[in-house]
Amino acid sequence: MRLLLPFSSATSPTVTPPQSFPEYPPPSQLDCSGRLSKIFKKSVIGTLTGALSLTLVFSSPISSVAADIDPYLSLNPPDSSLNYFDSSPEDCPNEEEADTETPEDEIKPQLVTNEGIVEEAWEIVNGAFLDTRSHRWTPETWQKQKEEILVSPIKSRSKAHEVIKKMLASLGDQYTRFLSPDEFSRMSKYDISGIGINLREVSDGGGNVKLKVLGLVLDGPADIAGVKQGDEIIAVNGMDVSGKSSFEVLSLLQGPSKTYVELKVKHGKCGPLKSIEVQRQVNAQTPVSYRLEKVDNGKISVGYIRLKEFNALARKDLVTAMKRLQEKGASYFVMDLRDNLGGLVQAGIETAKLFLDEGDTVIYTAGRDTKAQKTVLADGKPLITAPLIVMVNNRTASASEIVASALHDNCKAVLVGERTYGKGLIQSVFELRDGSGVVVTIGKYVTPNHMDINGGGIEPDFRNLPGLVKFLNL
């Protein structure tokens, strides 16, 4: 099973564009100075100078970000070779056969050897690991290490786990590490749906996308109600979800604890459609707070929005906040991402899209496979065109940095505060056959202007705008 995770002066430092992106020209190396100058000339906020209050800007370094994985996970199938999501009409048996299941007592457990567990971890790194720091990993040295490790028998499971730990430590990557069965169990049970399922968009091979259940929390609400791994989600509360992203559907699943949500699912690749009522278990808390402030003797209204994290409710609640502030007359906006350590990366991407024009680059991703490199683009009109200030500090990390860089590089916002934390790597968590797991760095994020977020963070345009403290009571 694999869980995809996601964790000064105004002059930016010189950064060499990543070599893995020669085919992606920067978006005209955007020079936002003209547009930002206009924003500040027409805004009372632009007349403010000086220094932000130290108590508001500076905070203690966060060692926990370097040690912890973003807790928002999406499960992948335990073994891609099992083809959970292949669906060819000619492969379907008749309906009677499709509804037949193999009794559990007929499933024979596989023998897992100590050497097999070590080799499984080795294979995962061999196929997916991206060396972003030490630059000492090569297929040749990794193969040699495997041969040296397996030259003699591994006599206990605890010894096998120790071997895996040392093997991963040799990679020199602080995020790539081993998880004991207990640690993996706790991580895999983190649930953002509220009903104990994880979804993924899967191609049907014909150009269409289906939403499949990739994982279930054992004895969770969906599991108890009868949802199965591999089920296709057809509708939520009577709403057809075809064409919707997994993130949008996860948002639809959210609701108050102890209330019910109705799912229409298709069991397996050929099974019948069934309606299943599931009781929600987790009540997600909104990460958005907002207020309207009057400045310049009441002549100007500024909408202030605080985003504490990016969870499944972030985008929806941010849209609500922006619309209400606009209705109340807000003509300028401040988005506060200070101390926002990230969260659900897709929520950050969807949030950034709210402020961008169709076709604007949100973020690039780079990995081992050059063919798998991806450009994430905005696909609609911006929610607002009013001047926007984004506040950041050294605890602004991961998904927050994706939002800040996307808005900044596309000339949609001015960044104010401190250089951000610098967490721009993508990790996956893979389950081994004995219930333990390995966390592996498989990719990284690169900003629209080809700045490597990881390690260096994002430099703000301004450190100082004291009027934000005076007029917005921050």
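## Ground rules

A residue is called buried when its relative accessible area is under 20%, exposed when it is over 50%, and partly exposed in between (1.4 Å probe, protein chains only). By that yardstick Glu232 and Lys210 are both buried.

This is a predicted model, in which local features need pLDDT of at least 70 and side-chain atom pairs count only at pLDDT 80 or more, while totals for chains, interfaces and linings use all residues. Residues are numbered from 1 along each chain as its sequence is written, and side-chain values use heavy atoms, leaving out hydrogens and water.

## Charged pairs

A salt bridge here is a side-chain nitrogen of Lys or Arg within 4 Å of a carboxyl oxygen of Asp or Glu. The whole structure has 14 salt bridges. Back to the opening pair: Glu232 and Lys210 meet in one, at 3.9 Å from N to O. That pair links distant parts of the chain, with Glu232 in strand 6 (residues 232–236) and Lys210 in strand 5 (residues 209–216), 22 residues apart. Helices (H or I, at least four residues) and strands (E, at least two) are DSSP runs, numbered from the N terminus.

Lys146 also has a salt bridge, to Glu119, with the closest N and O atoms 3.1 Å apart. This one ties helix 6 (residues 139–149), home of Lys146, to helix 5 (residues 114–128), home of Glu119, across 27 residues. Lys146 counts as buried because its relative accessibility is 14%, whereas Glu119, at 29%, counts as partly exposed. Glu123 joins in as well: Glu119, Glu123 and Lys146 are linked in a network of salt bridges.

## Helix 12

For a local pair, look at Glu350 and Lys353, whose closest N and O atoms are 3.7 Å apart in a salt bridge. Both sit in helix 12 (residues 345–353), three residues apart, or about one turn of the helix. Both are buried too. How many residues of helix 12 are buried? Eight of its nine, including Val345, Gly348 and Ile349.

## Nonpolar cores

A nonpolar core is a set of buried Ala, Val, Leu, Ile, Met, Phe, Trp, Tyr and Cys residues joined through side-chain atoms within 4.5 Å. The largest one has 69 residues, and Ile164, Val362, Leu407 and Val438 touch the most other members. Helix 5 is the top contributor, with seven residues. Domain 1 (114–187) and domain 3 (288–426) both give residues to this core, so it lies between them; the domain bounds come from an automatic or database domain assignment.

Skipping neighbours within four places in sequence, Ile164 is in contact (heavy atoms within 4.5 Å) with Ile117, Val118, Ala121, Phe178, Leu432 and Val438. A separate core of 18 residues includes Ile195, Leu199, Val261 and Val278.

## The five-stranded sheet

Five strands make an open sheet in the order 10-11-12-15-16, with mixed pairing; two strands pair if DSSP finds at least two bridges between them. Strand 10 (288–295) and strand 16 (414–417) are at the edges with a single partner strand each, so one side of each lacks a neighbour in the sheet. Strand 11 (residues 300–307) and strand 12 (residues 332–336) run parallel, joined by five bridges, and Arg306 stands opposite Asp336 in strand 12.

Helix 11 (residues 314–327) packs on this sheet, touching strand 10, strand 11 and strand 12, and its direction makes about 20 degrees with that of strand 10. Helix 13 (residues 399–409) packs on the sheet too, touching strand 12, strand 15 (388–392) and strand 16, at about 145 degrees to the direction of strand 15. Axes are lines fitted to C-alpha atoms, for helices over the stretch in contact, and angles run from 0 to 180 degrees between N-to-C directions.
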